[in-house]
Amino acid sequence: MRVELLTVGDELLLGDTINGNAAWLGRRLADRGVEVARSVVVGDETGVIVEAVTAALGRADAVITTGGLGPTYDDLTRDALAAAAGVPLVRDPGVAARLRERAAAAGHEVREMALRMADVPEGAGLLRNSAGSAPGLRVELPGGVVYALPGVPFEMRTIMDEVVLPELAGPSEVARRTLRTAGVWESVLATRLAEIEAMDGVRLAYLPQPAEVRVRVTVAGTDAWDRLAGVEKRVRELVGSAVYGVEDETLDRVVHRLLTQRSATVAAAESLTGGLIGAELTAMPGSSATFAGGMVTYATELKRRLLGVPGDLLAEHGAVHPDVAAAMAAGVRDRLGATYGIAVTGVAGPEAQDGRPVGTVYIGVAGPGDTRTVTKPELPVPGPGPETRDVIRRMTVVHALDQLRRVLLGLGADAWGEFVR
């Protein structure tokens, strides 16, 4: 079954409302093994809706629309479907009676405008709406069937789950798992996983964020869960230790778990990230068990005075230097009495600093026995736009937490170096 989504509404087209219905429908259909081939947004214009529905049915078996079934004069999906079918709108007596009953129960007479919700294309099927007033519609058109659902999210979801999904039967079984990776480019992952993409009944989706990519693996058909286990094993073999978690297991949760298992704590010294690492490490309830605290030492002098970074080192190389990152990590570890210290120093932009280009970042981790590691992630610096600084800072946080994870697991900081561009 191949389906296209058509969400209707000027508020969606103009960005006044986030199109959450399309996202929910896409995920729901995918969970049931129904292929969603396209998702389109159109405004409240009858001709445009007719054109979009007709075009979609030229490509797909079915179209699901949301919006445009309410009582106001800009709710035009009913009119558009009638026009596409070449039939008139007729008032359904059962729906009209129900609207009158609901109005009476609320202590008033039904308004004429509200009765527009009882006008349906002649011959259309009604989809029971147990959560609201306007029924959904099933309209047979040349090329396929259109399911028209209300735009109100809880009404749309109710009709979808109770009526539409049971009709759009997908494969007997669909299994899905999302693997989280850090420090690997999306294009590198796709290259490494090419053999997975070629497997029958297996689909991969890449969901990138700054310095992270979630890889969603979907297996459909018989024995889907058994096959998924084998596919996941092969993905881990191909990607290696860049996989740090599954599903909702975020990087900060992984770090906290590893620290807890070792009865260890960590403290953070931050420069360019200005407290973002500390914020990430305190996001999880119970994080006080493993996060000792943090120090934001943005000014160079504070790195010397509060963290004990040697003054001659700062004078000779400036604040953005690998030895400074290592000294910051050891300093915050010792001053806050933690098992590990993690530190970042670098240039977030928009201007270069001390001859260091934007995107230069050093990450230091100091552990027990004064072990120290420093890495310099090759950040894919975006263009000189206003968001560059924010993106660099967010990528730095991910790389810092991932480096701490690697140290805790004894993987070594160079284990993922081969993956960066």
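Helix 4 is followed by Gly86, a residue whose phi is positive, near 70°. The model in which this is seen is a predicted one, and the points below take up helix 4, the strands that pair around strand 7, the salt bridges, the surroundings of Arg405 and a patch on the surface. Within helix 4, which spans residues 77-85, the buried residues are Thr77, Arg78, Ala80, Leu81 and Ala82, and Leu81 returns below as a contact of Val146 in strand 8.

**Strands 6, 7 and 8**

- Strand 6, made of residues 125-127, pairs with strand 7 in the antiparallel sense, and three bridges hold this pairing; Leu126 has Leu137 of strand 7 as its bridge partner.
- Strand 7 is also joined to strand 8, residues 144-149, by five bridges, and these two strands run antiparallel; Leu141 stands opposite Gly144 of strand 8.
- The hairpin of strand 7 and strand 8 has two residues between the strands, and in this hairpin Gly143 takes a positive phi near 105°.
- In a regular strand, side chains alternate between the two faces of the sheet.

**Val146 and its surroundings**

- Val146 belongs to strand 8 and counts as buried because its relative accessible area is 0%, where the limit for buried is under 20%.
- Leaving aside neighbours within four places in sequence, the contacts of Val146 are Val53, Leu57, Val63, Thr65, Leu81, Leu137, Arg138, Val139 and Leu141; among them, Leu81 is one of the buried residues of helix 4, while Leu137 is the bridge partner of Leu126.
- Although Val146 and Leu5 are 141 residues apart in sequence, their C-alpha atoms are 9.9 Å apart in space.

**Salt bridges**

- The count of salt bridges in the model comes to 22.
- One of the salt bridges is formed by Arg138 and Glu167, with the closest N and O atoms 2.3 Å apart; this pair links distant parts of the chain, since Arg138 is in strand 7 (residues 136-141) and Glu167 is in helix 6 (residues 153-167), 29 residues apart.
- Both partners of that pair are partly exposed, Arg138 with a relative accessible area of 22% and Glu167 with a relative accessible area of 35%; Arg138 is also among the contacts of Val146.
- Arg236 forms a salt bridge with Glu232, where the closest N and O atoms are 3.1 Å apart, and both residues lie in helix 9 (residues 224-239), four residues apart, which is about one turn of the helix.
- Within this helix 9 pair, Arg236 is partly exposed at a relative accessible area of 34%, whereas Glu232 is buried, with a relative accessible area of 10%.
- Arg305 forms a salt bridge with Glu301, the closest N and O atoms lying 3.7 Å apart, and this pair is found in helix 12 (residues 300-307), four residues apart, again about one turn of the helix.
- An α-helix has 3.6 residues a turn, so residues three or four places apart point the same way.
- In the helix 12 pair, Arg305 counts as exposed because its relative accessibility is 52%, with exposed meaning over 50%, while Glu301 is partly exposed, with a relative accessible area of 37%.
- Elsewhere, Glu195, Lys233, Arg234 and Glu237 are joined into one network by salt bridges that share partners.

**Arg405 in helix 15**

- Arg405 has its place in helix 15, which spans residues 388-409, and Arg405 counts as buried because its relative accessibility is 3%, where buried means under 20%.
- A polar atom of the Arg405 side chain lies 2.7 Å from the backbone oxygen of Ser241.
- Leaving aside neighbours within four places in sequence, Arg405 is in contact with Ser241, Ala242, Val243, Tyr244, Leu251, Val254, Val255, Leu258 and Leu411, and Ser241 is therefore named both in this list and in the polar pairing with the Arg405 side chain, a pairing for which the cut-off is 3.5 Å.

**A nonpolar patch on the surface**

- Leu13, Leu14 and Val41 form a nonpolar patch on the surface, and together these residues have about 280 Å² of accessible area.
- Leu14 lies in the loop between helix 1 (10-13) and helix 2 (20-31), and Leu14 is exposed, with a relative accessible area of 64%.

How values were computed. Residues are numbered from 1 along each chain as its sequence is written. This is a predicted model: local features need pLDDT of at least 70, side-chain atom pairs count only at pLDDT 80 or more; totals for chains, interfaces and linings use all residues. Side-chain values use heavy atoms; hydrogens and water are left out. Patches are made of residues with over 30% relative accessible area and no salt bridge: like charges are joined within 9 Å, nonpolar side chains (Val, Leu, Ile, Met, Phe, Trp, Tyr) within 5 Å. Accessible areas come from the Shrake-Rupley method with a 1.4 Å probe; for residues, only the protein chains shown count as cover. A salt bridge is a side-chain nitrogen of Lys or Arg within 4 Å of a carboxyl oxygen of Asp or Glu. Buried means under 20% relative accessible area, exposed over 50%, partly exposed in between (1.4 Å probe, protein chains only). A polar contact is a pair of N or O atoms within 3.5 Å; within protein, one must be able to donate a hydrogen and the other to accept it, and residues adjacent in sequence count only if both atoms are side-chain atoms. Contact means heavy atoms within 4.5 Å. Two strands pair if DSSP finds at least two bridges between them.
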